[in-house]
Amino acid sequence: MTQAAATEHHEPVENTSTGLNSRKLMMWAFLGSDVMFFGAFIATYLVYRGKSLVGPYPSEILDIPLTSVSTFVLLMSSLAMVLGLHYVKEGQKNKGTIWILVVVVLGAIFMGFQFYEFREFAHEGLTPRTNIFGTTFFILTGIHGAHVTIGVAWMAFMAYGSHTGALRKDNALDLEIAGLYWHFVDIVWIVIFTVIYLISATDGPPPGVGPTILH
Amino acid sequence: MTTKSLKFPQAFPRPKSATGIWSWIGTVDHKRIGTMYGIVSFIWFLVGGLEALLMRAQLASAENDLIGPEAFNQLFTMHGTTMVFLVIMPLSAAFFNWLIPLQIGARDVAFPRLNALSFWIFLFGSILINFSWVTGDAPNGGWFGYAPNSGTTFNPGLGMTYWVVGLNVLGVASIAAGLNFIVTILNMRAPGMDMFKIPIFTWMTLITSVLIVLAMPVLAVAGIQLMTDRVYGTHFFNSLGGGDPVMWQHIFWLFGHPEVYILILPAMGIVSEVLPTFARKPLFGYPFVVFAGAVIAFMGWFVWSHHMFTVGLGPAANTAFSISTMLIAVPTGVKIFNWLGTLWGGNIRLNTPMLFSISFIAMFTIGGLSGVMHASPPTDAQQQDTYFIVAHFHYVLVGGALLGIFSGIYFWWPKFTGYFLNEKLGIANWALMMIGFNLQFAPMHWLGMDGMPRRIYTYAENMGWEGSNLAASIGGLILGIGILVFIFNVFYSKMNKVMAGDDPWDGRTLEWATSSPPPVHDFDVIPQVQYRDDFWFKKYPETISEYYHDDHDQAVPSGAQLDDEVEEALPVVSGGSDDHGHGAIHLPDMSYYPFILSVGIAILGAGFITNTYVVGAGVPFILWGLLGWSMEPVNDPE
Ligand code: HEM
Ligand SMILES: [Cu+2]
């Protein structure tokens, strides 16, 4: 097929039984699998909510404004992702590269926030071993952080590809698939943010137990 | 083409030769991968069988002291884990690999390199988990690894860490394979083969793959939680830290019940291919078998607490799970009637595959019935943790899944190799297995009713359990001899080849349309499909009118809109057209990156067990594998 023929159709017709690209189909199936993965961790968190026997408790340690900022950063990265894909599909190489780089940078900033948060919590005496809140909090957000890290590495690879010309409008599907993953990880964070930071932000010590951190 | 692509420096030249060790390490051919799955899991089958025989030797007489309690714990844990994860699942995967592309008229799976990756991870994961035997510290917490017994407080050694890390590594392999087969079945069907024309085994593979993809992550979560509890001191299942051991049971069985369907659905698919072939009739009620499978896969998610009736979840939970468990027996029963309906009025030939399939129906029904018995919580209170449960799941797993797999082995062996397995030895193999199996497991029903607990290493003399236990042990020995006859049959048939031809059983589905064994590219010409059981109706066009009239008879192999389809489907696709649009047949080139990536994952896993630095040692391999893979074109430019 010539380049010209490929550019005429925006979505190339796939030579498959369903007409869907196989790699894209697989990414959707994988995301379904990942839903179960996160779902089981989130369910564990909810079941164990308010079951800590010693502090620090969520109300004493969670910094909602800070995490709201990092949540906003991650949300914006999804916007950059959309723009990056748009420009790559349009064949605007430089704009495409820049927006993909913005995704990388915003993702890295989110990781930085998480690193900072983890360190702060450790200073204030909350580790995965401290109590069941620490256990469920660190493992759930840590697993999400690992997903973000993989996404950032993937996007960096994509940005490099776009820069060198290996990622072009005719194989923008590569970026689209990476983008599906990125948006998914972003959506999962919205759920985690709601469940951990919004719903349990006021969870204090069980009745009859005093606060443990005296600011 | 002038377009650029990224290049990764190659450490080794891309493997090319069709023979020798590198041709296996670098292979992406679904048939070779299927063969490797089959061989490796059969070896684990022998290991798991040996473990079982050791237990039976210990239990043959009361107060026996052949094997001590600790070794006994290790034996039943590794026996269960091996048979579920290293035998039945990968043996099913061997059939998926071999048959799915052939049944849907494709040249390979959708992602051949990913397919190789699944196999290599499975291989290394299985070695990892069994390596614990070498360290002398094999897992001992049972195949369901109940907390808190599996935690470090009660289980300080490395055994359960091997178990949990090994399962997680195996889980990666299963999920990758599941994704691959979902996409393959949805996307790679031959022209004309819509979803209700795919062979029934392919349907069961699709449903199983969906279950694998959704259930294995749940096991992974349980595994990660137990692993961090063990290795990093978190509190998921530690009540002193606010956790709850019962949570483990919930998560494990939320995975565990779908898992039992992952084990049985492929065997049901095999049987649903064998019965029609040897009854020379289409499968009775194909849509019902499909929908029953789908309903089972859905309902399987809402029954998990039937494993926890005696935990004390309360009457409301017990009632709800009791009802859902009894309901799930309905679609299971539907399939049994479909199989009987297929046999009814058929022109039945009793070859070895058919003997195994008919036995499957009988044995599986017995196991299903005992399952419905303990679907009732008061009844289960008597049966939980006794040999009655052991009898139940061996009737469904050995009498069900394993007999189905043996049926499949005898059925497709001529396709895989080009020659038959010997029929006389096959019948001896079948008879010994059936006698041994029933002698071993039937007595466990009454042993359990009589209160003999499972997982005890010995029992007192005056319990009245000796006779039944001895019978069970003798049965185990006979079953083992049956397996030896099978191995003998494999070698005997290889040395005294009786060539089979392309279509030895007068088959119905596309795999019989190509040569035996199939060429590397599977089909010289991609078949054009018009009917369900297309191959059969192309062979016997005179029978078409028998099954295709305009009423909606259940046995109609295809929809009622057939007439228009016949016309539009007639022009035959020209030979060898494929994705690449060239005239010649293109197969994906070999690649060693799946192997390298799986080595990295295995080292990573070993690192979680031993030492964090080892984890670091795995990372370079993973990066090498991933980067090399992602920059390697499926086909090198000529
Ligand atoms: C008719 C459908 C079935 C019903 C109603 C059923 C019901 C049950 C129940 C209630 C239990 C828990 C018993 C207890 O521990 O007290 C159980 C255990 C078990 N079932 Fe089934 N079952 C059915 C089919 C199957 C199938 C098809 C398989 C596998 C192929 C299977 C495999 C198992 C296994 C492995 C266990 C024991 C797990 C363990 O405790 O180690 N069952 N079944
Ligand atoms: Cu179950």
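Buried area is the accessible area, taken with a 1.4 Å probe, that two parts lose on being put together, summed over both. By that reckoning, chain A and chain B of this predicted model bury about 3200 Å² between them, with 71% of the area on carbon and sulfur atoms. Within the portion that chain A buries against chain B, Met26(A), Met36(A) and Tyr48(A) supply 17%, more than any other three residues.

The contact draws 41 residues from chain A and 42 residues from chain B. Between the two chains the count of salt bridges is 0, whereas 14 residue pairs are found in polar contact across the interface, both residues of each pair being at pLDDT 80 or more. On the side of chain A that touches chain B, helix H2 (22-47) and helix H6 (132-164) each supply at least two residues, and the largest share, 14 residues, comes from H2(A). Sorted by class, that side of chain A has 19 nonpolar, 18 polar and 4 charged residues.

The metal site of chain B can be taken next. The copper ion (ligand 2) has as its protein donors His257(B) through ND1, His306(B) through NE2 and His307(B) through NE2, which lie 1.9 to 2.1 Å from the ion, and the spacing of these donor residues in sequence is H-x48-H-H. Because His257(B) lies in helix H7 (residues 245-279) of chain B, while His306(B) lies in the loop between helix H8 (286-299) and helix H9 (315-343) of chain B, the pair ties together parts that are 49 residues apart in sequence. His257(B) and His306(B) are both buried. The copper ion (ligand 2) is separated from the iron atom of ligand 1 by 4.7 Å.

Methods:
Residues numbered from 1 in each chain as written. Chains lettered and ligands numbered in written order. Predicted model: local features only at pLDDT ≥ 70, side-chain atom pairs only at ≥ 80, totals over all residues. Heavy atoms only, no water. Donors = N, O, S within 2.8 Å, 3.2 Å for Na, K, Ca; no water. Helix = DSSP H or I, 4+ residues; strand = E, 2+ residues; numbered from the N terminus. Buried < 20%, exposed > 50% of the residue type's maximum accessible area, 1.4 Å probe, protein only. Contact = heavy atoms within 4.5 Å. Salt bridge = Lys/Arg side-chain N within 4 Å of Asp/Glu carboxyl O. Polar contact = N/O pair within 3.5 Å; in protein donor to acceptor, adjacent residues only side chain to side chain. Nonpolar A, V, L, I, M, F, W, Y, C, P; charged D, E, K, R; others polar.
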